[in-house]
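Here is a set of short exercises to work through with the structure open beside you. Try each task before reading the worked solution.

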Amino acid sequence: MSDRRRPSSKLPPTVSPANPDAAPTVEPPRGLLRRWSIPVLVLGVLIAGGVLADYWSAEPEGIVRSYVGRDACIECHRQQTEDFIGSDHDKAMDLATDETVLGDFNDVTFEHDGLVNRLFRDGERFMVHTEGEDGTMQDFEVKYVFGVYPLQQYMVEFDRSEDMESCDVARLQVLRISWDSRDHKWFYLRPPDVADKLAADDPLHWTGIAQRWQTMCADCHSTNLKRNFDPDSGTYHTTFSEIDVSCEACHGPASLHIELANKKSLFWDRRHGYGLAKLKGPDPEPQLQTCAPCHSRRGVMDERFTAGPDYFDHYRLETLGEATYHGDGQIKDEVYVYGSFIQSKMYHKDIRCTDCHDPHSLKLKFPGNETCTNCHQHAAGKYDVPAHHHHAPGTEGAKCVNCHMPHTTYMEVDPRRDHSLRIPRPDLSVKLGTPNACSHCHVKDRLPQIAAEHRETFQSKEYSQWLLAAEQDGEQPIGTDGETLAELMRQTDQWCDDACEQWYGEQRKQPLHFAEALVPLRRGDPSAARKAIEMLAINDERAPAIAKATLLEELARQGVAAVPRVAAELADQTDQHPLVRSTAASVLAMANASTGKSKLMKLLGDDSRLVRTSAARALLGSPAFGQLSPSERTQLESVLNEVHEEFMVASDRAGAHMGWAGICEQLGRYGEAIESYQTAIRVEPGAVGARTNLASLLEQLAPNVPESEREPLLKRVKTLRKQELPLLARDAALAPQIAGIQYRYGLLLYLDGQLDAALSQLEKAVTLEPDNPEFQTAVRLLKEKMDSSQ
């Protein structure tokens, strides 16, 4: 037998031929590989499957998120919470306590307009002795504080019933007696352009609707505010989830975020992400449009906005009206930043709020000029040096913001900076009369040229007040050589323009500006319409959306023949901003029936609520309205339901019900129109318009009612007009420079049979607007009537 060895169960070690001295490598037995590789593979598949399942599982679409309050955020977001505490958002509103009240209530008196007011304590309560809504001096408890710096205001609760829930807030009125947090003193916050004492029944009185928290302030100073006004009883049951501007005001309701954060999952939700508004990322719009509702001058279409890129489905942004913006888009009245920022080059380069401001503390990220040079880090010494700004380092003229973001002071003590971040353009000031940042400082160089009796007045005024004075009374001689204020300011503009020309020469930047079309258009320049239409074709930073919408409105107001064609083209361009397309839709009311119908019916189905509701309103006033088929009327009325929702956001204002009543009249829904006019009178008895409109409607319907009802109906018409007369007389006296109010008062006097007084009033309207043909016709017809009756 041959000698055979039993095969070894171990494989022999192998030796690398390249390195025979190396330690031999022992290969595992093949059976062992098979024994372990399958379980490992199965385990890997199971783990991968579990991870995939974990990722793939998601909360359903349409999940309703609720507000949970800041306490739920603190544990995971301590640094952000620490930054937030003490910020203006944190102190936007609070209960009046020893910790929150800044004003001096240590039994002090404060006088204004002949009233001696007293501010004192009654135990734990903060009290004010002042004029009430009936005109008598009374004691009121301050229940809430509003804001913190540079001023703090105080609020009194009215109409609270015993059956109200403890979490409900009744009508709150904001005192005009306010605390200056900078200089630590009381001051009286006067309405703009009102020098006299307010009557107790004036809407601007602290107990009036213009000083009502729910109407004017609430939704931007609290989180998840529900106004809950009942037009039938005229009462509020207002609620909020948090009294101030808290985490969820900017990030949206956080219930889903908390739920996802507490899940034992490796991933956030593939469908909902973090369960909050997505404010970061390459697109700046979600963040900008989250800040915009409280930092813009706008109307509300829908109160359900919860942060994100849907601003224009919930808000109707004001365009560059003459009362709120200067002709070049710089701030004039208080417009809260967004409307000026979207004009800027910064906006068009995707800069967002948090590039300059810390989102939680709200402070600037860097001190002084570093806020700007942090991004503008071009060639060394290019910007923050005299070679650029031509002022001594460390002076006011060397600050970036003073040249590119000049301020205007509102509420007596609150300077707000223009956020259009523009290059100073004294050349436009010389050409168009618009403001410029250079004259903002240098206008006071003219003080030696002002006569001594006027000099002290203008010494204490800031630039915005010089501009207002020049606008209102700028042609009165006040200079030592007989110059008018307007002339002195034009001298300043020219001096500044010459200086810029000398400093920058051929390098001076003077790009095309929309003001070069808008200002001449408003002045009636016959060539301006062509320039404005050319500007509407530009789609870059030279023609921001808010400016294009304004130009389109102005062209329509002046009845330029080409406007319907231009509006139709813009409305069709889906890449145009919703603000431009909604304005185009409004302007299409001027189009002929065929064009108006085809364009506006299409726009009723637009994705943008702003566009489709504007189209619905335009259809009502269009020649096309009478040509709509029953199915088209149904489609229109479906969108008008959204218009009704928009009106009822302000259901505590007479204007909301009057606006809806007018639409009901156009639709032939006269019963609903009458009810809406009556509601307008009930919720705001001191407002003008509702009685006049109701009287006109009832007079129109009178011939169609039974004879037995006609006389009482006409008697009611006469009563309504009598009730309206003192209200219109009040407004005509308060606004003597507004031609429309003088005209309406004159018409009502005529209907009341006071012909001489009516003629005087109508002639005032013609004096204020001599080119208005409607006013001229009314005067002519009334004179003819008066002559024929003699």
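**Exercise 1. A salt bridge within one helix**

Task: Place Arg780 and Glu784 in the secondary structure, and classify Arg780 by its accessibility.

Solution.
- Step 1: Arg780 and Glu784 both belong to helix H33 (residues 773-788), where they are four residues apart, about one turn of the helix. Keep in mind that this is a predicted model.
- Step 2: Between the side chains, the closest N and O atoms of Arg780 and Glu784 are 3.4 Å apart. A salt bridge needs a Lys or Arg side-chain nitrogen within 4 Å of a carboxyl oxygen of Asp or Glu, so the pair qualifies.
- Step 3: Arg780 has a relative accessible area of 44%, and Glu784 one of 42%. Partly exposed covers the range between under 20% and over 50%, so Arg780 is partly exposed, and so is Glu784.

**Exercise 2. Salt bridges across the chain**

Task: Find where the partners Arg271 and Glu61 lie along the chain, then do the analysis for Arg653 and Glu684.

Solution.
- Step 1: Arg271 and Glu61 meet through their side chains in a salt bridge, at 3.4 Å from N to O. Arg271 sits in the loop between helix H7 (255-261) and H8, while Glu61 sits in the loop between helix H1 (30-56) and helix H2 (71-74). With 210 residues separating them, the pair links distant parts of the chain.
- Step 2: On accessibility, Arg271 is partly exposed at 33%, whereas Glu61 is exposed at 61%.
- Step 3: For Arg653 and Glu684, the closest N and O atoms of the salt bridge are 3.3 Å apart. Arg653 is in the loop between helix H26 (630-648) and helix H27 (654-667), and Glu684 is in the loop between helix H28 (670-683) and helix H29 (690-701), so this salt bridge ties together parts 31 residues apart in sequence.
- Step 4: Arg653 is partly exposed, with a relative accessible area of 27%, but Glu684 is buried at 13%.
- Step 5: For the wider picture, the count of salt bridges comes to 56. Some are joined up: Asp302, Arg304, Arg609, Arg612, Glu642 and Glu645 are linked in a network of salt bridges.

**Exercise 3. Reading a sheet and a hairpin**

Task: Which strands stand at the edges of the open sheet with the order S2-S3-S4-S5, and which residue lies in the turn of the S15 and S16 hairpin with a positive phi?

Solution.
- Step 1: The open sheet has four strands, and their pairing is antiparallel. In general, strands of a sheet pair through backbone hydrogen bonds.
- Step 2: Strand S2 (108-112) and strand S5 (137-142) are at the edges; each has a single partner strand, so one side of each is left without a neighbour in the sheet.
- Step 3: Neighbouring strands of this sheet are turned by 25 degrees against each other on average, ignoring direction.
- Step 4: S2 pairs with strand S3 (residues 115-122) over five bridges, in the antiparallel sense. Here Glu111 stands opposite Val116 in S3.
- Step 5: Strand S15 (residues 407-410) and strand S16 (residues 414-417) are also paired in the antiparallel sense, over four bridges, and Thr409 stands opposite Pro415 in S16.
- Step 6: Three residues lie between S15 and S16 in this hairpin, and Met411 in the turn has the positive phi, about 50 degrees.

**Exercise 4. Describing a pocket**

Task: Which element gives the most to the lining of the second largest pocket, and how do the lining residues divide by type?

Solution.
- Step 1: The second largest pocket has a volume of about 610 Å³. Its lining has 26 residues, and those nearest its centre are Tyr347, Ala545, Asp575, Gln576 and His577.
- Step 2: The elements giving two or more residues to this lining are helix H8 (285-291), helix H10 (345-348), helix H21 (545-557) and helix H23 (578-587). H21 gives the most, with three residues.
- Step 3: By type, the lining divides into 11 nonpolar, seven polar and eight charged residues.

Note on methods:
Residues numbered from 1 in each chain as written. Predicted model: local features only at pLDDT ≥ 70, side-chain atom pairs only at ≥ 80, totals over all residues. Heavy atoms only, no water. 1 Å grid on protein atoms, 1.4 Å probe; cavity = no way out; pocket = protein on both sides within 12 Å on 5 of 7 lines; lining within 4 Å. Points joined across faces, edges and corners; volume = space filled by probe spheres on them. Nonpolar A, V, L, I, M, F, W, Y, C, P; charged D, E, K, R; others polar. Pairing = 2+ DSSP bridges. Axes fitted to C-alpha atoms, helices over the stretch in contact; angles between N-to-C directions. Buried < 20%, exposed > 50% of the residue type's maximum accessible area, 1.4 Å probe, protein only.
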